[in-house]
Amino acid sequence: MKDMLTPELIQGIITVATPLGIAAIKKLIPGIKPVYLPLAAPVIGCLAAIASNYAGAPEVSLLAGAVFGGLGVWLREAADQLNKARV
């Protein structure tokens with residue numbers, strides 16, 4: 001399994017997992033201001049990169065973790081806006 005993991009795959013996982021982490025934060029802390037949620041995305045991406053590096057996965061830089069964490073939230077928001085425009 002370890003041979004199947006590449007830095008690109010880890011970055012993709014971070015991109016998909018960050019919006020899920022944001023949704024979990026919204027559920028756990030219902031009173032949080034919505035402006036803080038997108039700002040938390042790069043932090044979550046960095047934490048995911050640190051966790052994967054310590055777990056023995058291929059090395060992912062903290063900058064890449066932050067970028068791909070933000071990208072996940074951006075893609076989710078873009079999909080939401082496209083769905084609203086279609087209606």
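This report describes the fold, the nonpolar cores and two selected residues of a predicted model.

**Overall architecture**

The chain contains three helices and zero strands, so that the order of elements from the N terminus is α-α-α. Along the principal axes, the C-alpha atoms occupy a box of roughly 45 × 30 × 20 Å. Of the 87 residues in the chain, 24% are buried. Among contacts with a separation of 6 or more, 63% join residues that lie 24 or more positions apart.

**Surface and charge**

The exposed area of the chain is about 6,000 Å², and carbon and sulfur atoms supply 72% of it. There are 7 positive and 5 negative side chains. The centres of these two sets are 16 Å apart.

**Nonpolar cores**

In soluble globular proteins, nonpolar side chains tend to be buried together. In this model, the largest nonpolar core consists of six residues, namely Ile10, Ile14, Ala49, Ala57, Val60 and Ala64. A second, separate core has five residues, among them Ile22, Leu37, Ala41 and Ile44.

Ala57, a member of the largest core, is in contact with Leu5, Ile10 and Ser52 when its neighbours within four places in sequence are left aside.

**Two residues in their helices**

Ser52 and Asp80 are set side by side below.

| Residue | Helix | Relative accessible area | Class |
|---|---|---|---|
| Ser52 | helix 2 (residues 36-54) | 10% | buried |
| Asp80 | helix 3 (residues 62-86) | 30% | partly exposed |

Ser52 counts as buried because its relative accessible area of 10% is under the 20% cut-off. The side chain of Ser52 reaches the backbone oxygen of Ala49 at 2.9 Å, and Ala49 is itself listed in the largest nonpolar core. Leaving aside neighbours within four places in sequence, Ser52 is in contact with Ile10, Ala57 and Val60. These three contact partners, Ile10, Ala57 and Val60, are also members of the largest core. Ser52 is thus a buried residue in contact with members of that core.

Asp80 is classed as partly exposed because its relative accessibility of 30% falls between the 20% and 50% cut-offs. Asp80 and Gly56 are 24 residues apart in sequence. In space, the C-alpha atoms of Asp80 and Gly56 are 35 Å apart.

Key
Residues are numbered from 1 along each chain as its sequence is written. This is a predicted model: local features need pLDDT of at least 70, side-chain atom pairs count only at pLDDT 80 or more; totals for chains, interfaces and linings use all residues. Side-chain values use heavy atoms; hydrogens and water are left out. A nonpolar core is a set of buried Ala, Val, Leu, Ile, Met, Phe, Trp, Tyr and Cys residues joined through side-chain atoms within 4.5 Å. Buried means under 20% relative accessible area, exposed over 50%, partly exposed in between (1.4 Å probe, protein chains only). Contact means heavy atoms within 4.5 Å. Helices (H or I, at least four residues) and strands (E, at least two) are DSSP runs, numbered from the N terminus. Accessible areas come from the Shrake-Rupley method with a 1.4 Å probe; for residues, only the protein chains shown count as cover. Lys and Arg count as positive and Asp and Glu as negative; His and the chain ends are not counted. The place of a charge is taken as NZ of Lys, CZ of Arg, CG of Asp or CD of Glu. A polar contact is a pair of N or O atoms within 3.5 Å; within protein, one must be able to donate a hydrogen and the other to accept it, and residues adjacent in sequence count only if both atoms are side-chain atoms.
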